[in-house]
Amino acid sequence: MTAVDLPGARAGRTAAVTSAVWSALGTVRDPELDEPLTDLGFVSRAEVSRAGRAVVRLRLPTYFCAPNFAFLMVADAYDAVSAVPGVREADVALDDHFAADAINRGVAARAGFVASFEGEAVDELDSLRADFVRKAVLAGTDRVCRAVLAAGTDRERLTELTLGDAPESPDRERLRDRRRELGLPCADDDPLLVDPVSGSAVEPANLTRHLGFARLTRTSQEANSGVCRGMLHARYPHSEDREDTR
Amino acid sequence: MYTKDGEKYFVVDAHTHFWDASPDNWVPGQEEYAKGWIECFHAYQGLGPAETHWPLDRFQKYSEELMMHDLFDEGHVDIAIFQPTNLRQWYTNGFNTTEANAELSERHPGKFVVNTYFDPREGDAGMRAFEERVKRYGCKGVKLYTAEWMGDSRGWSLKDPEAARYLEKCQELGVRNIHVHKGPTIWPLDKDAFDVSDIDHVATNFQELNFIVEHVGLPRIEDFCFMATQERNVYAGLAVVVGGLMHARPKFFAKVMGELMFWLGEDKLIFGADYAIWEPKWQVEGFVDWNMPKDEELSDFAPLTTAQKKKILGLNAARLYDIDVPADLRLAEPPVVEPVGVPGP
């Protein structure tokens with residue numbers, strides 16, 4: 001490397017780090033919608049300076065979006081961005097939200113939720129997050145089972161199948177990841193259908209109810225996602241808006 | 001009334017507002033919240049058809065004439081039910097109060113049902129004022145917004161013992177219809193503010209009351225539906241479902257309607273346009289025209305019949321509120337089939 005091409009090389013490195021920051025943000029999910037912040041349009045800005053200072057700005061569909069989920073997203077984004085090689089300092093903040101000051105201060109100070117909302121919260125958000133991962137397991141179960149049924153399997157046989165029997169797909173791996181996060185059985189030879197709390201196999205007698213609830217949970221999650229995307233678009237007209245019916 | 005293809009629909013819009021969110025009404029020091037609230041509502045309007053969007057200044061404060069026109073001249077509404085939202089912490093004269101609603105209602109006899117509210121944090125004085133409002137305005141329903149801010153409080157729960165006192169009072173006064181609206185901020189903030197388990201709790205304990213969960217518990221439709229299957233006195237308010245999904249997210253609208261019919265059924269769904277977020281005209285017309293698309297993913301769900309749509313658009317709410325429906329707009333009574341060979345009593 002010569003002195004002459006150094007600025008170009010540095011610019012290239014900065015671009016690579018910026019791209020890595022976007023990828024890192026792509027691993028951060030809205031805990032309620034179970035979708036990456038980048039897909040939802042919640043990242044309005046992500047830049048890295050030559051000195052390695054990452055500036056990330058997040059935005060949400062409404063001024064009054066629930067502060068607990070907002071906090072999780074900002075904190076998770078901060079952790080993901082800070083861990084990117086080449087980032088020396090992370091400035092991650094939420095804009096246009098009633099609790100933005102408390103959230104941004106708390107995340108920058110790595111203070112945790114209870115300290116950030118002193119007097120207004122008694123617990124950290126782990127159990128809230130886990131509740132929503134359980135919903136993601138149910139929603140994912142509907143997606144994966146539909147693929148199994150479409151491949152010609154009888155509905156009644158679903159309780160006999162294993163996770164590995166389901167056709168290989170991103171949906172199946174996503175379901176496996178969510179089950180793993182909760183400590184639920186997630187190997188190929190574990191049952192396809194498990195109770196999202198206990199992890200035990202779903203009994204044939206409970207099949208209809210389990211599938212009905214899985215479908216309902218997916219509908220709810222996707223309808224929420226639809227409302228959120230529409231609201232974000234109404235609030236920030238330059239953001240993308242489409243009906244995603246994955 | 002709305003007529004389409006020879007069918008007549010009696011329309012009860014069970015969720016309407018007459019609000020003032022203009023800057024003149026913002027409480028000094030609370031402007032950002034007052035502004036944030038109405039801009040959030042305005043963004044919801046963005047989910048309706050573009051030709052029905054309003055400029056923000058009209059949306060902040062609209063006239064009585066405009067409301068009467070949009071509901072009754074254009075919107076096919078026979079009777080509209082006011083659902084108040086006080087928000088006095090942010091709006092000097094309140095956002096959409098029982099008093100402002102009642103004043104408008106008195107000028108247009110027979111057009112509105114006036115609901116009021118209670119807030120268990122208002123204690124004994126609140127209880128007396130509640131009883132006065134119920135008697136003065138003849139209220140048969142309340143609208144509860146559990147996430148309303150009051151001082152340092154970020155909301156309340158129907159499980160609070162104070163709330164039970166108010167619900168007992170509702171039973172005593174004949175206030176049978178309890179509309180519940182969940183919002184995003186409730187103490188403690190680490191819990192899910194949209195959790196509907198407090199409604200489950202009181203629906204079990206107060207069997208004489210009807211609990212209408214506004215916007216079908218969105219964003220917790222799944223918890224709401226599951227709860228509603230266990231409580232016979234729980235209903236779904238369709239505000240936001242029709243306004244927010246039917247146009248903007250037609251596929252999810254179909255799925256949500258399918259789920260609501262599946263878990264709750266045709267007798268438990270209550271139409272509400274949520275004016276002035278959305279005008280009723282396009283919602284009523286669109287809902288009558290809508291049906292379940294033929295789609296593999298929706299194959300679990302049956303198409304809606306005309307009779308089911310009539311119930312949802314008005315007859316269900318009319319039943320809850322004892323609204324007299326003209327004879328030609330009712331459903332035909334099912335024929336009484338005399339059992340054969342069984343002696344009468």
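## A walk through chains A and B

Start in chain B and select helix α8: B:Ile221, B:Glu222, B:Asp223, B:Phe224, B:Cys225, B:Met227 and B:Ala228 are buried there. Keep in mind that you are looking at a predicted model. The helix runs over residues 221-228 of chain B and is mostly covered, with 7 of its 8 residues buried.

What covers those buried residues? Show the surroundings of α8(B) and look for pieces of both chains. From chain B, the cover includes α7 (197-205), β8 (210-213), β9 (234-237) and α10 (250-263). Chain A joins in as well, with its own α8 (207-235).

Now zoom out and select residues 12-323 of chain B, which an unreviewed UniProt entry annotates as "domain: Amidohydrolase-related". Put a distance label between the C-alpha atoms at the two ends and you should get 9 Å. Colour this span by secondary structure: 42% is helix and 10% is strand.

Hop over to chain A and colour by domain: the assignment gives domain 1 (6-116) and domain 2 (126-235). Their C-alpha centres sit 28 Å apart. Where they touch, domain 1 of chain A supplies 11 residues and domain 2 of chain A supplies 13. Pick out the domain 1 side of that contact and you'll find 5 nonpolar, 3 polar and 3 charged residues.

Last stop: select residues 19-92 of chain A, listed in UniProt (unreviewed entry) as "domain: MIP18 family-like". The C-alpha atoms at the ends of this stretch are 16 Å apart. As for its make-up, the span is 36% helix and 27% strand.

Notes:
Residues are numbered from 1 along each chain as its sequence is written. Chains are lettered from A and ligands numbered from 1 in the order in which they are written. This is a predicted model: local features need pLDDT of at least 70, side-chain atom pairs count only at pLDDT 80 or more; totals for chains, interfaces and linings use all residues. UniProt positions are given in the numbering used here, feature names are shortened, and annotations may be inferred rather than shown by experiment. Helices (H or I, at least four residues) and strands (E, at least two) are DSSP runs, numbered from the N terminus. A residue is buried if 20 or more other C-beta atoms lie within 10 Å of its own, exposed if 12 or fewer, and partly exposed in between; C-beta atoms are placed from the backbone. Two residues are in contact if their C-beta atoms, placed from the backbone, lie within 7 Å. Domain bounds come from an automatic or database domain assignment. Ala, Val, Leu, Ile, Met, Phe, Trp, Tyr, Cys and Pro count as nonpolar, Asp, Glu, Lys and Arg as charged, and the others, Gly among them, as polar.
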